[in-house]
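Q: Could you walk me through one part of this model in some detail, and then show me what else stands out? I have the sequence and the structure open beside me.

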Amino acid sequence: MNPRFSDNEDVVMEILLRLPLKSLFRFKTVQKSWNTIISMPIFAKLYVESGRELNLNSDFLHKSPIDSGEICCPKISGPVKDLICIYNVYATQRIAIFDLSAVKMEIIELPIHTWHILRSIGFGFNDRDNELVVVQLLSCTGGIGSRGYIDKRVDLYFGNKKSWSKCKHHLDDLTIKKAIGTCKNGSFCFWLVETQPYNSGRFMCVLSFDFNNRRFRKARFPRLFYDGALDGKKEKIKIFVNDNSLVLFSYPILGGKLLGRWVLNVSGMIGEWTKLPSIGPFSQLSKPVATWENHGIFLKCIDREGKTYFVFYDYATREIRNIEIPRKKHDRVKVVEYKGNLVSIRT
Amino acid sequence: MAAETGTPTTLTLKSNDDELFSVAESAAILSVTIRNMVEDGCAGGVIPLDNVDGKTLASVITYMNGISAIPADEEKKKSYRDKFLSDKDFETLADMVLAANYLNMSCLMDAVSAKIAQVMEKKSVGWVRRKFGIENDYTPEEEAAVKEEHKWTFEGVETDDDN
């Protein structure tokens, strides 16, 4: 090391303590002594104490100029390119974009509307100028429109211009059930939706938004789940985004069986779902909560006493491992994505 | 002492390249190192600062005078520090952080460390090695292994601007 800095490792440490995690991980490759400093337990301790840990203040989710008595129901979307989006399903006036690597939070004001609404948010990037785009889907829950449709409104937020604009759509016959997420390259995001064609039975499908062409598209489920299949109430389905494909799991409501697994390549949302080997069997009631790339899946299980616990299932080894998640009694758990740890975890 | 006579006491500081600087004691004692020397009674003549060169010391004294002229208002002090550091290049910042460490000036140390971190945040590993004068002591295999473990952190790195 340059004599100026080599005699002053404490100065190097002072500087490193002020870097975002992403830079710290990268700079482990600068020199062995840097790797040593960054990997020291005392460094991690000081780093956390310096306040750079993820401390998400969710107060902003509760503040609403329209309706102060609303229920708070926060959702997390992402991460996509190190960003996560936190929003409220109900009528709050702002969302937060949180940068995991820089540990910075940006609050975005939502366009004012007067409906009583349910909100779902997706976000991604367009390839051309790598601009952050947020899609807001609003559903009117109170007033049913003509012909029994539910009114929808779609707004797009453009990160470079920092402004919202209303987007044309043909989504009025859909009910948004759940946001699924964004694919890894950021160019598509997905929702689980239910369609209600005029005078016919409902069926579930996947709605995608293409950030490059600003276009919505629908993809049906695997043939097995067409039409009434899900009304039988024996199996439920759960969909995740893995890299740049969608993976669908079907799981028995009563538990104790194998989980079906299908994948669909998301580029353009065309083609058929491919059936993959089923996973399990699991002894208890198990519900998929998150996937880890192509390695495996996290499941929430409930044992005979009604206690909740989490397991990880490895696709390759078919091994089931219990996972301890530190949390308070009423905390909700959301699995986001694992990126790395500052200090090596000893097993 | 200043309090007794009513006139400000001035100290003379000497850099390691023998430049002499006059500075008000009230500003100079922002440095714990200098304050200790004053309290120990070593401040009668010239205070030698063996680890700081004239150019850096001049800069540090500008900072000492500037920040001590601001009343106890953290917002204003912060904006002074930001402005003070805004036009400094990496070499100057490196000299200053080492000087601040030697002089034991925590407010300058905090500000300069944060500024350096901000400058290097998106830089490549090669840039950091050059700027810190660091020799890579990994074997290619070892380096590849550490890099592989944190592959995602190499996305979005700026192109080097120093060569």
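Q: Which residues of chain A does UniProt list for "domain: F-box"?

A: Happy to take a look with you; keep in mind that this is a predicted model. The UniProt record, an unreviewed entry, gives residues 9-43 of chain A for "domain: F-box". Over residues 9-43 of chain A, helix makes up 74% of the chain and strand 0%. The C-alpha atoms at the two ends of residues 9-43 of chain A are 12 Å apart.

For strands, turn to another part of chain A, where four of them form an open sheet in the order β17-β18-β19-β20, with antiparallel pairing. Strands β17 (285-292) and β20 (320-323) of chain A stand at the edges; each has a single partner strand, so one side of each lacks a neighbour in the sheet. From one strand to the next, the twist averages 30°. Look at the β17 edge: seven bridges join β17(A) to the antiparallel strand β18 (residues 296-302) of chain A. L285(A) has I302(A) in β18(A) as its bridge partner.

Over in chain B, a helix pair is worth a look. Helix α5 (residues 74-86) and helix α7 (residues 106-120) of chain B pack at an angle of about 55°, and their axes are 11 Å apart. Angles from 65 to 115 degrees would count as roughly perpendicular and those under 35 as roughly parallel, so α5(B) is oblique to α7(B). The crossing of α5(B) and α7(B) is right-handed. On the α5(B) side, R81(B), L85(B) and S86(B) make the contact, while α7(B) contributes C107(B), A111(B), V112(B) and K115(B). By type, the residues of this contact are four nonpolar, one polar and two charged.

How values were computed
Residues numbered from 1 in each chain as written. Chains lettered and ligands numbered in written order. Predicted model: local features only at pLDDT ≥ 70, side-chain atom pairs only at ≥ 80, totals over all residues. Heavy atoms only, no water. UniProt positions renumbered as here; feature names shortened; annotations may be inferred. Helix = DSSP H or I, 4+ residues; strand = E, 2+ residues; numbered from the N terminus. Pairing = 2+ DSSP bridges. Axes fitted to C-alpha atoms, helices over the stretch in contact; angles between N-to-C directions. Parallel < 35°, antiparallel > 145°, perpendicular 65-115°, else oblique. Left-handed = near helix turned anticlockwise from the far one by under 90°. Contact = heavy atoms within 4.5 Å. Nonpolar A, V, L, I, M, F, W, Y, C, P; charged D, E, K, R; others polar.
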